Amino acid sequence: MTTLTPQKPAVPQPGGDITPAPEPRPAQDPAWRELVDAVRQAGQYPTRSEAESVTRIVLSALGGHVVGDERVDLARALPEEAARVVASQIPATRPLTAAEFVDSVAARIEGATPATARWDVSSVLSVLPPLVGDELVTRILNQLPPGYALLFGRAELTPAA
């Protein structure tokens, strides 16, 4: 006798056996594909897989450093998969400078140097403003230590003395 779980419909097999239906594979979110494609183009990555990996790593690092309403609004503005990556991160215990942030990303990417990690970070963060809006990016930058604006593709403006 075969026992079926209530969540899975039965699929008759030749010979009368019944097996659970295979798990449906969720369709990939087109907005996530567009984000990864934008990162691939910005960073000139040779494969979509490499661009996707870099996107996940950078967004997970960012997710630990953006907190409060800005984190919630960022997750809402991103494609579902990207939102999960950002929202699943535990908030950092202390804010990192932009250079430390890049170094933390370099530590997550095999064979990365600070220079290649800066390229990776900028490739991901520079595609966010058109996606999430300049107002949200400004709020995020106001929350982060100085130096992050350049990573988002913005000039770093300092107040006059």
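**Entry 1: Secondary structure**

I counted the elements of this predicted model and found 8 helices and 2 strands in the protein. I took helices (H or I, at least four residues) and strands (E, at least two) as DSSP runs, numbered from the N terminus. From the N terminus on, I read the order of the elements as β-β-α-α-α-α-α-α-α-α.

I noted that residues are numbered from 1 along each chain as its sequence is written, and that side-chain values use heavy atoms, with hydrogens and water left out. Because the model is predicted, local features need pLDDT of at least 70 and side-chain atom pairs count only at pLDDT 80 or more, while totals for chains, interfaces and linings use all residues.

**Entry 2: Burial and contacts overall**

I looked up burial next, where buried means under 20% relative accessible area, exposed over 50%, and partly exposed in between (1.4 Å probe, protein chains only). Of the 161 residues in the protein, 38% are buried. The protein exposes about 9,600 Å², an area computed by the Shrake-Rupley method with a 1.4 Å probe, for which only the protein chains shown count as cover for residues. Carbon and sulfur atoms supply 57% of this exposed area.

I then turned to contacts, meaning heavy atoms within 4.5 Å. Among contacts between residues at least 6 apart in sequence, 58% join residues at least 24 apart.

**Entry 3: The nonpolar core**

I searched for nonpolar cores, each a set of buried Ala, Val, Leu, Ile, Met, Phe, Trp, Tyr and Cys residues joined through side-chain atoms within 4.5 Å. The largest one has 41 residues, and those with the most contacts inside it are Leu 59, Phe 101, Val 105, Leu 125, Leu 128 and Phe 152. Two or more residues each come from α1 (30-43), α2, α4, α5 (98-108), α6 (114-125), α7 (128-132) and α8 (134-143). Helix α2 gives the most, with 7 residues. I recorded the general tendency that nonpolar side chains in soluble globular proteins are buried together.

I followed Leu 125 further: not counting residues up to four places away in sequence, Leu 125 touches Val 58, Leu 62, Phe 101, Leu 151 and Phe 152.

**Entry 4: The aromatic pair**

I asked how many aromatic pairs the structure holds, and the count is 1. Rings of Phe, Tyr and Trp (its six-membered ring) pair if their centres lie within 6.5 Å; planes under 30 degrees apart count as stacked, over 60 as edge-to-face and the rest as tilted. The ring centres of Phe 101 and Tyr 148 are 5.5 Å apart and their planes stand at 55°, so I entered the pair as tilted. The pair links distant parts of the chain, since Phe 101 is in helix α5 and Tyr 148 in the segment after α8, 47 residues apart. Both Phe 101 and Tyr 148 are buried.

**Entry 5: Salt bridges**

I looked for salt bridges, defined by a side-chain nitrogen of Lys or Arg within 4 Å of a carboxyl oxygen of Asp or Glu. The structure holds 12 salt bridges.

In one of them, the side chains of Glu 52 and Arg 48 meet at 3.6 Å, N to O. Both residues lie in helix α2 (residues 48-63), 4 residues apart, about one turn of the helix. Glu 52 is buried at 18% relative accessible area, and Arg 48 is buried at 16%.

Another joins Arg 84 and Glu 81 at 2.6 Å, N to O. These two are 3 residues apart in helix α4 (residues 80-87), about one helical turn. Arg 84 is partly exposed at 45%, whereas Glu 81 is buried at 18%.

I also found Glu 100 bridged to Arg 94, with the closest N and O atoms 3.3 Å apart. Glu 100 is partly exposed at 30%, and Arg 94 is partly exposed at 45%.

Which residues are linked in a network of salt bridges? I listed Asp 37, Arg 48, Glu 52, Arg 56, Glu 80, Glu 81 and Arg 84.

**Entry 6: Helices α3 and α4**

I examined Glu 70 in helix α3 (residues 68-77). Glu 70 is buried, with a relative accessible area of 17%. Its side chain makes a polar contact with the side chain of Gln 143 at 3.0 Å. A polar contact is a pair of N or O atoms within 3.5 Å; within protein, one must be able to donate a hydrogen and the other to accept it, and residues adjacent in sequence count only if both atoms are side-chain atoms. Leaving aside neighbours within four places in sequence, Glu 70 is in contact with Leu 136, Arg 139, Ile 140 and Gln 143.

In α4, I listed the buried residues as Glu 81, Ala 82, Ala 83, Val 85 and Val 86. The buried residues of α4 pack against α1, α2 and α3.
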